[in-house]
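Got the viewer open? Let's take a walk through this structure, one selection at a time.

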Amino acid sequence: MVILAICFLFYFKISASLKLHFNPSFPRGAEYVKLNEETTLVIGGYFGEYTRPVSVPHIYIYNPKTGIIKKGPDMLYPRVFHSATILNDGRIFVAGGNYMAAVSVCVTKTEFYNPKANKFEKGPELENCIPSHKAVKMGDGNVLLIGGLRKYAYDGLYDFDYNPDILMLDVKTNKIEKIAKLIKPRCGFKIYQENDKIYIKDG
């Protein structure tokens, strides 16, 4: 559980640096996706204290120019510590994370938000919920899910350790597969792309 706490504290430290997080109307631990200058989606997250959280079932649609916040459609699987990635076709791929309520539930199901239809659609399932991972869209439109945590069972109990796998969503087949492993599994890391290469730092 120490690993889990460290990763989640790092997550909130990074999230707090975003201006939107200073708006008390928005949930903690949400993902922010900018569609255009007038539309930012606030996806997932929770309200309340971390010891007694309540996951947000719907998204928020925020206009930073006017300051207007509208309630959006319900997610299929409310979550926190997840990723949200814009695909080339305009949909948003939401993956990983936990459902936060009286207990924390691992969310292995992914989903797609369709802005044109304004609704969520089912996506492929993960083997593990990999909270606090990083998502990167590649030049071919596929999405990598890197690192984070994974949930495992021992002696009838559950705990988390680092996820060593790099997963890929193939947007053509709509399937997720393991394509590589990290030399050093980690969470809370920085990631950037340069010349078709992905660099991972810290964590």
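Which residue forms a disulfide with Cys106? Select Cys106 and show its side chain: the partner is Cys129, and the two sulfur atoms sit 1.9 Å apart. Keep in mind as you look that this is a predicted model.

Stay on this pair for a moment. Cys106 belongs to strand β10 (residues 104–106), while Cys129 lies in the loop between β12 and β13. The two are 23 residues apart, and the pair links distant parts of the chain. Turn the view until you are looking along the S-S bond: the torsion there is about -95°, so the disulfide is left-handed. If you add a surface, don't expect Cys129 to show up on it, because this residue is buried, with a relative accessible area of 0%. Hunting for another such bond? The count comes to 1 disulfide.

Now zoom out and switch to a cartoon. You'll see a chain with 1 helix and 20 strands. Of its 203 residues, 45% are buried. The exposed area is about 11100 Å², with carbon and sulfur atoms supplying 54% of it. Contacts also reach along the sequence: of those with a separation of 6 or more, 41% are between residues 24 or more positions apart.

Next stop: the sheet β7-β8-β11-β12. Colour these 4 strands and you have an open sheet with antiparallel pairing. At its edges are β7 (83–86) and β12 (119–125); each has a single partner strand, so one side of each is left without a neighbour in the sheet. Neighbouring strands here are turned by 25° against each other on average, direction ignored.

Zoom in on β11 (residues 109–114) beside β12. They pair in the antiparallel sense over 5 bridges. Pick Glu111, then look across to β12 for its bridge partner, Lys122.

For the last stop, select β13, β14, β17 and β18. In that order these 4 strands make an open sheet, again with antiparallel pairing. The edge strands are β13 (134–137) and β18 (175–181), and each pairs on one side only. From one strand to the next, the twist averages 25°.

Where does Leu169 find its bridge partner? Look in β18, where Ile176 takes that role. Then widen the selection to β17 (residues 165–170) and the whole of β18: this antiparallel pair runs over 6 bridges. To see what joins such neighbours, turn on the backbone hydrogen bonds, since strands of a sheet pair through them, either parallel or antiparallel.

Definitions and conventions: Residues are numbered from 1 along each chain as its sequence is written. This is a predicted model: local features need pLDDT of at least 70, side-chain atom pairs count only at pLDDT 80 or more; totals for chains, interfaces and linings use all residues. Side-chain values use heavy atoms; hydrogens and water are left out. Two strands pair if DSSP finds at least two bridges between them. Axes are lines fitted to C-alpha atoms, for helices over the stretch in contact, and angles run from 0 to 180 degrees between N-to-C directions. Buried means under 20% relative accessible area, exposed over 50%, partly exposed in between (1.4 Å probe, protein chains only). Contact means heavy atoms within 4.5 Å. Accessible areas come from the Shrake-Rupley method with a 1.4 Å probe; for residues, only the protein chains shown count as cover. A disulfide is a pair of cysteine sulfur atoms within 2.5 Å.
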